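Visitor: Hi! Could you walk me through this one?
Guide: Happy to, here it comes.
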Amino acid sequence: MTHRTCKPYEGLLVVSLEQAVAAPLASCHFAEGGARVIKIERDSGDFARKYDQAVKGEASYFVWANHGKESLCLDIKDAADAALLHRILDRADVFIQNLAPGAIARAGFDAEVLRTRNPRLITCDISGYGEEGAYAEMEAYDFLVQCESGLVAVNGAPGHPGRIGVSVCDIGAGMNAVIGIQQALIARAQTGEGSSVKVSLFDTAADWMTVPLMHAVYGGKAPEPAGLHHPSIAPYGGFRTADGQMLALSIQNEREWARLCADVFGEAEMATDPRFCDAAARVANRPALDAWVAAHFARHGRAALEALLRNAAIAYGGVNSVADFARHPQLRRTPVTLENGEEAELVAAPVRHSFAPANPRFGAVPGLGEHSKAIRAEFAAESEPA
């Protein structure tokens, strides 16, 4: 069956007063889906434009989170620019912002005010800790929220809690904003009215921490950093092969354990060894178990061991470097035109639809204020010259 190609957000106008990561990622999702996205920036630009110069002179985060948008430079403290933004929002479907708590209201763009002017408008406020409570005014960078939420307490190696190596709280808040806006769009289709969406980095991290929290509150002990190990499964972790590579092993049940012993290591009797005969025994005797597994791994090169594991239907994976990941056969990429006109490849969108091309090209990364003149003319007051 063939499907007509469509862009699900086509016809939507999304305006985003945004910076850094969470809000730009959310609005970029709508740009990828066909919405018109106007990115509001200061004259100095979103500071994420200068995070690094990794992508042919441009910032990796900015390229990732801002392709397909239009850039409009505004000073919302200026009366004329504030009036222009109000005119744009009067025609918009979605307004996203992640300024410091209270800043948007002080500038005259409180969500309730905006929806009074435009009842169909969906507003999305992204904050660090929410708009109420003792932490509402706290600076909320991703790393700090990882610390406050306990995420670092369950990551890293034993005795060495670790930050997750990507900005997961920002990324997760952006994705939660997308979910919330999508729900609000469906509600608007039913009621004809817009609504408010509020998302915080802390609430996002707290949701992910539900299982460790339940262990701490009801089980009496929270999980501790375990590196590549698992607190209640063994063997589980990374082991070196004869050629210095590392493979991760994850044995989930007794059938897999028996196959590992017999079909991979050639020692079927170890499956019933009293030290390793069930999951609890293997965890209790993890040092001896890991030493035995490590010795067998060290006898084979990676390719030979992978063949043994795959033939025995044992779950495994390579503990890859980022350079290894860049060469991964499953990695899909999509081209994008940079601000300077050069081309780069981003990771392709993770969600694929039957109604969309197999690998649609991303929209270009906008230059700072690239669309200001055209947008100002389009939304000029009737008394102003175009």
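Visitor: How much area does the protein expose?
Guide: About 20100 Å², with carbon and sulfur atoms supplying 55% of it. Such areas come from the Shrake-Rupley method with a 1.4 Å probe, and for residues only the protein chains shown count as cover. This is a predicted model, where local features need pLDDT of at least 70 and side-chain atom pairs count only at pLDDT 80 or more, while totals for chains, interfaces and linings use all residues. Residues are numbered from 1 along each chain as its sequence is written, and side-chain values use heavy atoms, with hydrogens and water left out.
Visitor: And what share of the residues is buried?
Guide: Of the 386 residues, 43% are buried (under 20% relative accessible area; exposed is over 50%, partly exposed in between, with a 1.4 Å probe and protein chains only).
Visitor: New topic: how many disulfides are there?
Guide: Zero. A disulfide is a pair of cysteine sulfur atoms within 2.5 Å. For C124, the nearest cysteine sulfur, that of C28, is 15 Å away.
Visitor: Is C124 buried or exposed?
Guide: C124 counts as buried, because its relative accessibility is 0%.
Visitor: What about C147, which cysteine sulfur is nearest?
Guide: That of C169, 9.3 Å away, and C147 is in no disulfide. With 35% relative accessibility, C147 counts as partly exposed.
Visitor: Last one: how many helices and strands does the protein have?
Guide: It has 15 helices and 13 strands. Helices (H or I, at least four residues) and strands (E, at least two) are DSSP runs, numbered from the N terminus.
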